[in-house]
Every structure is written in C-alpha cells, then in structure tokens.
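Here are a few exercises to work through with the viewer open. Try each task before you read its solution.

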Amino acid sequence: MRETGIVFDIQRFSLHDGPGIRTTVFLKGCPLRCLWCHNPEGLSPKPELMFFDYKCLGCGTCARVCPEGALAQGAGAKPRLAREKCAGCGRCAEACPSGAWRLVGRTITVEELLSLLERDALLYDRSQGGVTFSGGEPLFQPDFLHAALAACKERRIHTAVDTSGYAPWDVFERIAPLTDLFLFDLKPMDEEAHRRYTGVSNRLIHANLRRLAELGRPVRVRVPLIPGITDTEENLQALLALLGEVQGRILGVELLPYHDVAEKYQRLGKSYGMPSLSRPSEARLAELRARIAQVVPCA
Amino acid sequence: MALEAEVERRRRAVRPLPARIARLREESVRAEVRVCAERARLITEFYKSGQATGLPVPLQRALAFKYLLERVSLPVEEGQLIVGLRGTGPKRVPTYPEICVHSLEDLEVLHTREKMPYRVDAETKRLYAEEIIPFWRGKSLRDLLFQRLPQEWIDAYEAGVWTEFMEQRAPGHTAGGERIFKMGLLDIKAEIATALRGLDPADPEYYEKLVELQAMDIAADALLIYAARYAQKLAEMAKEEGDPARRRELEEMAEICRWVPARAPRTFWEALQHYWFIHVGVTYETNPWDSFSPGRIDQHLYPFYKRDLEEGRLTRERAKELLQAFWLKFNNQPAVPKVGVTAEESFTYNDFSKLNLGGLTADGSDGVNELSYLILEVLEEMRTLQPNTAVLISNKTPDRFLLRALEVVAPGFGEPPLFNFDGVVVKMLRQGKTLEDARTAGVSGCVESGAFGKECYILTGYLNLPKILEITLHNGVDPRTGKRIGIETGDPQGFRTYEELWQAFLQQLRHFVTVKMRGNDIIEALYAHHLPVPFLSLWIEDCVRNARDYNAGGARYNTQYLQIVGLGTLTNALAALKFHVFERRTFTMEEVLRALAADFSGPYELTRQVLLHKSPRYGEDDDYADSIAKAIVDEVVRLVESFPPTPVRRASRRVYFLPTTVHVYFGKVTGATPDGRKAGTPVSEGVSPVQGTDRKGIAAVFRSVAKCDWDKTGGALLNQKLTPDLLADEESLRKLAQLIRVFFNLGGHHVQFNVVSAELLREAQRRPQDFQDLMVRVAGYSDYFVNLPRGLQEEIIARTEHKHWG
C-alpha cells in the first residue's frame, strides 16, 4: 500500500474502457511514441506542465515563483517556458491565480489511489464495472501497477489493464492473475511501419498477445483506426492473420476511430506530428467490423 | 456534436400529433397571454352589492365563490374534450384583487415588458382605475400583510435577505390525493351534513366550525352550478353542431358534466373531467401557489383506464387523445401575473402543476403501470410548457421505466425530472406521516415532497444565504445600503479562527430566521382569518371531518417551509475564507474585504482569480468543501426545526433547498462574495454547484451533493447540463440510469437535466426567431429559452456542461 506511482489523470464515470461504469487511472510514462497518441501528457514518466492559453492573465506570477528560472515573462505578454530547465516542481501551477498552468503527473500511493477508487464502489457494483489502468503504458510502472491491482482484487473490484503490449513478458505474467480483462492495442501490423509510427518494433507485442491468449486470460484487442495507416487493406490482412492465430482464445476486437487532439499538444509545448485527417466514415467502419467479425467478434 | 446535428436531432424528436390535438396545441402555444378582468369585476361587484356585509368571513368567501361560478364565462376550445377554464378563454389570466391589487403602473409594466408580457386591454385598465383599485386598495391581503409586518422584517425583505411567497399569492402548495377520484360533491355534501349533525355546542369552537361547514357546503354548490351550466351549454352547442361526430361528442360531454363532479367518476373520461372541474375551482377560489395538481395521476387513473379497456369503452389511442386534450387545459392556464420583486423571483408563465408518475403504491409495491408509460409518451409528444411532470424512482421501479424517462429527457426539453421516491418516503416518515400516507406522497411545485391530498405544506419564501454571509462580513450592516439590518456579530478582521467566523454566521442566520418566522406567524394568522378556502378544503383530508379550513390547520398534516438558496455560493465562499485567510494565510481578512468592496476591480482581479481557482470547491467530491456544505445543511435544518409549531395551523417548520429563479434576483442584491463571484451576478441555484465550477464530472457532483443529509429536508433541487451526445445511444442511457440509481441510493433527492450545448443556447440568443420552441430546464420547471430574461439565460449557459462522463 505504500508503493507509489505517477498518474496523470483519474477519470470517473468512464464508459468506454471496459464493461460497466469504470474509473480509469492513467499512469504516466510510455516507451512508445505513436504519432497519433491521444494522451501526449502520458508519454514522459516525469511530471510536466500544461499551459491553458485562454486562462492566462499575463500577470507574471509564474515567472516570479519559478526556482529554476525556467519561466520568462515579457511585459503584458504570456509567459515562455524553457522546458529543458523545468524540474516539474509545480510551484508555478500552484501560484498561478487563474489555473493557466497545470502540472500533469502526481505521485500517489496505492492507499491514496484506492481511497479515491472506492468512492465509486456502488457504481461499479450496480453496473458490473470497475477500474481500468491505462496510460501512458501502465506496465511501464510494474511494481505500482501490481500493487494497485492486488489492492483492487482484495476489495473485489473488477480490474482492466489497457496496454500497448510493449513490456517484458515477466511483467505480464506477474499481473495476469490480478487482471480481469486486458485491453490490448494493436497498431500497424507491418514491423517497419510500426517502428516508423510508434518508435518500437511490434514483435514483442505480438509475442505477448499470443502468450496471453495461451494463458487463457480474457483479452480484448483494440485497434486504433488511423486513416492510411491502420485502416488499409494490407494492414487488415495482416491483422486478420494474427487474429486467426488467437481465434477462440480472445474475447474480441474493438475498433477505435481516430480523432484529432492537436490542442493538447500545444498545451504541452509539443508539436502534433499527424496531418489533419478526417474520421473514418461509418460505412468504412461497418465494413471493417464485418470482415473482422468473420474471424473474431468485433465491435 | 456539431450545432447542425444537434438542431436536427431536436427537430427529429418532434412527432406528429392527431389533427385535432395538433390544432388545439397550436392555438394553445400561440395564444397571447392576457389579463382577464372578469373575475376581478365579479368579485368586486359581489362585495360592493352588500350581500356579504356582516357575514362571517368563510361565508363571505364561499358566497363570493358561488357568485363567481354562477356568472363566469364558459369557454369551450373548439374540438376540446374537456371543459372548464379559468378566465374567458385560453391563456386569459384572471386577477385576485382581494389578495393583491395591481396598480395601473403594474398593469402597464405587464403589458409592455419585453419578456413574458401579460397584455392588458383598455377596458381592463379603465375597470381597474374606476372600480377595482378604489375598492380594494388598503383592503387586499397584501396591504394587510404589509401593515402588520414589523419594520425589521420589512428591512430584511427589502434588502433581499428573503422573499415572501404569500404577499401576492395564496397558500395552497398541495396536490390532490385519491379522495378526488373517489368522491363526488354530493358525497362530500353528505359528509358535511354528518359533520354538522355531530357539532357539539359545548365545543368552544362550535361557531367557527358551524360557519366553516356551511361555507364548505356553499362552495360545493358553487362548483355544481358551474358544471350544470357547462352541461347546458354543451347540450346547446350539440344542437347547433353540423358535424355529426362532433355533435355526438358534445352530447357525451354534456352527459359527463351532468354526472361529475356531483358524483364520483365512473370512466376514464369522467375522471379527467371531474379532476379538471376541481382544478378550475381551486384556481378560481384563490391564486394558490403551484396552482393544483392531480398528484399521482397514473395510479389514480389506472382503475378507470383498465375497466374502460376491459369493457370496451376505451382504446389506448382514445385514452391518449383524452390525455392530450387534458394536457392542453393546463397549458391554457398560465401563472397569475405578479408585481415587483416576485416578478424576478419567478419569472415564468409556468404555474407548476406537477403530474407524478411511478413511485410506490400504498401497500409498498411498484407503482408503475401501463398509464405511466402512456403519460410519458404524451409528455414526449406534447412538448408544452405545462403541465410539469415528475418521475418517481424507487428501488422497486423497473429499469425499463427509468430508461423510458431518460429517452424522453434525451432530445432535451428538460422534462421529466427524476426523483428518489424511497427518499421521499423516508422524509415523510421522519415528519411523522403514516407509512401509507408516505407511500402515496409525491412531489409538487419544483421538488417539494408532501403527503398528497392530506397535507397543507406551505412555502413561505426564499432565504438568501450568501447575503447573510455578506451581512456577517459587515458586522450586521448591509453594505449595499449602509443600513444595519442584522445583529452585531463582531468585526470579521478580529476573527482569529474559521470557527469564529462560522459562529458569527450562525448567529446572524439565527437572527434573520427568527424575524422571518415571526413574520410567517403573522401571515399565517392573516390568511386563516381573512382568506379561508372552503372549496380547496373539501378535497384535502381531514378538513371536512375537522370542520376546519385548509388555511387554518384543517388538513391531516400541517407543515411550513422555508426555501434555502445559495448553498453552493455560500459553501465556496466559506471554503475560500477558511483556506486562504485562516489556513494558508494567502490573504488577510482585511485584504479580502477590500477586494469585495472593490468588486474585485483593478488589482483585485488577481485576488479574485486566486479565490475562484485556488480554493476547495463544492461539487468536485472534495471533502474539504463538501463538509462545509453538509454543516450548512445540518445547521439550517436544526435551526428552522427548533422553532415551535406555528400558532394557528400547528405546523412543523421545515426546509427545502430550491430556488425557482430567485437566485438571479438574490445575486443582484448581493455584493461580491469571497468565492470570487462578482457583485450582482447570480448566486448558485438549488443545491447545484456554483455555475461553471464543477469540473470533475457528474459522478463527482453526485457524490458531493449526496454527502449532505437531504432526508432531513423536504427536498433539494439539482440541475445538471449534459451535452447531447452523452445520451445518444442505449449504452449511455443505461449507464446514466445506473448513475442515477446510485445517486438516489446515496441519498440524492432529485436531478434534472438540460441536454443542450452552450453553443446552441448562444445561437438561440442570436437568432431567437428560429428558436421559439427551444425549452430548457430552469429550476424545477422548464421554460422557453428565448423568453427568459437575459440574466437567467446567461446563468443557464454558465452552468457547467458535462461533455464527457469523467
């Protein structure tokens, strides 16, 4: 219970991360760098600052309190942050009168986390929901994740882990008995493409999926549909081949249509590498679902 | 969801109605609201005639009522299936000069104001100038009341510490119970005869009882006359009707009016007509708050519906058409026009008649029946301002019913609100009602629990909590006027701990509530003696048996309520002071007071930002703030309940937490508050978090609200705004249903949803002509958005919009 981890968000009454009504805990830090990542604030394992431009009054309080001199303030202008100097202490966020700076990522003990999660116990009970650990990559903080899952199981809370699949097998093996459901992402099937768009090879990921399926733990595969990348015919063929291998041993596949999150990147002072893309059409989604459903159940 | 998609979704939700109903609805919706002088003219004529002179007041009132019903117009909307209407036609609103006399200026304001006008014709103005005003000025109940109320009451009232419900409208605040559907007036006259025979001259109240029973008997006769006049008129209309189908209908309606309200109804149609006659009677007798209501209508009507279906007299479709016709009767009776402060307090045509659906039956089983679903369907298709509804959810209510109600909520016109019925039962039991009376209770007005048909629960006014804090922070002085209207509770700059501030606030609160309670006692006595309601008394148990008027304590249960406003604002203000002044010492009390005095202008804007953004807030499941909210609720309840029962009605004293629209008025009279709220802007409404501050999602709001002990109150109003895509599919609806169940399990009393985006509301402000039909939830009722005064529009837009669940 004293184990600590870094989380960047806890979302209550979450409806799309597993069965029933859930609380989703977002663990900070991820070994992948997916071009389309929806949670850029989850990438770095360290706390970092987000800036909400529209809230800033230009008062200069942040620049005055920063112990590292990372913040500069021109007269009447918005502050500039030298992120390489920022130590993530959060003084600026604490002092900012209007809440324009927000420190994402805080250290939390398993005990504190559980006291938050248990607030919605009645909701989990009523809806057959529970807690989902997401990220970032939750397996990137294996000890904390393990302790948190164990604490949930002790309290009879249903657990789900939303993973990129990119973690040493022994971590999966450790948490598998405590995890009631794996939400397992599959990105580009081609190894080169995977490397190009996520920064890592997908071999380990595919191997982990096969072994989890063998282990007989409940797994639901999730495929983010990125136009031109994962919704192509070629990718679909390769996906169907892998799904064929685990057919009958996974619960099914869920397609996650792409949506634009450029604004979040700006707040973090990062640039969004994705070109502006439109959401896949309902017709295309239905077609893909139908074809996958010939191999495994698909929603 | 994009704006066009949202507009389209709303458009699709409008379903076609049968031709007759569509026409009646169109007429009803489009009818201009007008002041109708007929009632004022007749009642003045009656009192001037000398017929009443020297008679005891109950007999005067009963004879005046009879005089009215013998003479009022008998409008029949073309194609209507139910007759009886207050006024000379749809949306012609009578006035009640014996209660409150409109001045010529009032009439002019009503006629010309931009939002929600009441048109006044030249003849009405002339009549007022020559007859009504000269006769009633100085004699109306409102005049008597202000003559009697002490100066300290007037000072607080003028400062906006409270409003007074009964200065312009009579008490009432009740709904019908099963008595209405089981008794005809002849049955009641027999009861009166029995009671008269049982009167004992040795009883010190012998004479009062005798007079009251005689008055009740005359009032019963009055409605019999009204119905007989309608029967005759309908028969005449039938003779002249060219269309044979309509002729048969008119003949049948005449037949129905010959049976009810004299005798108990036998059929579904008779039951509707019977109730409606009584509704018209109650609302002609006085202008009671919350008009009147058939209460648990699905349960009352179900036996008639079932029998008619079984015996082949009725089809589901015909029952629906009758209900639709019935629906429009309510819509044709807008609220009475008010004057002065209460125009802000309740700025609406809505008269708050609330039809209750679901809940439990008297024996504790699930109360949902086929009619509950049918009435939801009618609600969904009619989309009119009135009547209001309430869906009562108990642990025994099937999910199917809750989901159906949420389906009606989803396209977003604000109805129906949802209530925790198990909580209503607990509230009633705590107040000493029997189990059966608790289970047949319901909610009227906005969110007010009451034992339907058996309780006189009178609302006495709204209390402005943030204003009391403001006065506390100025040691008893109202900074707006510089007048000392409170007591001296110490210079806040001398407070060393939060506890000292809290105690000063509680002392100030005790002072004001004490003054208000004394005023309530005076007003109760005035109504009991000057404005008995023998007709309403016929229908509320046990007035006839007790030979005592409804306004004098004749009902089985008597309760008096104070309505508390501004919980969110007060909580956040206290939390901000506790956190920044007494704990973190970010600011001194002096600095905060200076910032408040400057309304956070200039350099104090930064102070405001810190207070607003860097303080614990109610509505985000933060125990720091929520425990303050809980303490406020506990203390207010304890304080109000510590007063002894009222002198005349022996009513216990209770509280509701609801605002109608008074939070806008209360905001106007309250300076800047330590939660960062600017002077003059609305205070929080109901028990909802401060507008725009509940950023942790709806689950956190529910938990915060449920930490307070609402079972000790009579009800608490919670508004939530959701974006339309959150209710777009079955799975989301189901999860919302589960969330609501959990909220109710935790002790929440009520929740209502605005399923509308801020973007759409802004668009409606820009192009009001294209959004005439856009209805939104205000507080305990819905209203046309474009008709709302700007301040209220802005307040609704400012409410936090839950875009995603988390």
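The exercises below concern a predicted model.

**Exercise 1.** Work out how the fold of chain A is built and whether chain A is compact or extended for its length.

*Solution.* Start with the secondary structure: chain A has eleven helices and twelve strands. Next, take the radius of gyration, which is 20 Å for chain A; the globule rule gives 19 Å for 299 residues, so chain A is as compact as a globular protein of that length. Then look at the box around its C-alpha atoms, roughly 65 × 45 × 35 Å along the principal axes. Finally, check the packing: 43% of the 299 residues of chain A count as buried. Among contacts in chain A with a separation of 6 or more, 71% join residues 24 or more positions apart.

**Exercise 2.** Describe the side of chain A that touches chain B.

*Solution.* Count residues to begin with: chain A puts 17 into the contact and chain B puts in 21. On chain A, strand 1 (4-14) and helix 4 (121-127) each supply at least two of these residues. Sorted by class, that side of chain A holds eight nonpolar, five polar and four charged residues.

**Exercise 3.** Find the two assigned domains of chain B and see how they meet.

*Solution.* Domain 1 of chain B covers 1-29 + 287-445 + 719-806, and domain 2 covers 140-174 + 453-574 + 630-717. Their centres, taken over C-alpha atoms, lie 26 Å apart. The contact draws 47 residues from domain 1 and 44 residues from domain 2 of chain B. On the domain 1 side, the elements giving two or more residues include helix 19 (421-430), helix 31 (730-745) and helix 33 (790-798) of chain B. That side has 17 nonpolar, 20 polar and ten charged residues.

Technical notes: Residues are numbered from 1 along each chain as its sequence is written. Chains are lettered from A and ligands numbered from 1 in the order in which they are written. This is a predicted model: local features need pLDDT of at least 70, side-chain atom pairs count only at pLDDT 80 or more; totals for chains, interfaces and linings use all residues. Helices (H or I, at least four residues) and strands (E, at least two) are DSSP runs, numbered from the N terminus. Ala, Val, Leu, Ile, Met, Phe, Trp, Tyr, Cys and Pro count as nonpolar, Asp, Glu, Lys and Arg as charged, and the others, Gly among them, as polar. The radius of gyration is taken over C-alpha atoms; the globule rule is 2.2 Å times the number of residues to the power 0.38. A residue is buried if 20 or more other C-beta atoms lie within 10 Å of its own, exposed if 12 or fewer, and partly exposed in between; C-beta atoms are placed from the backbone. Two residues are in contact if their C-beta atoms, placed from the backbone, lie within 7 Å. Domain bounds come from an automatic or database domain assignment.
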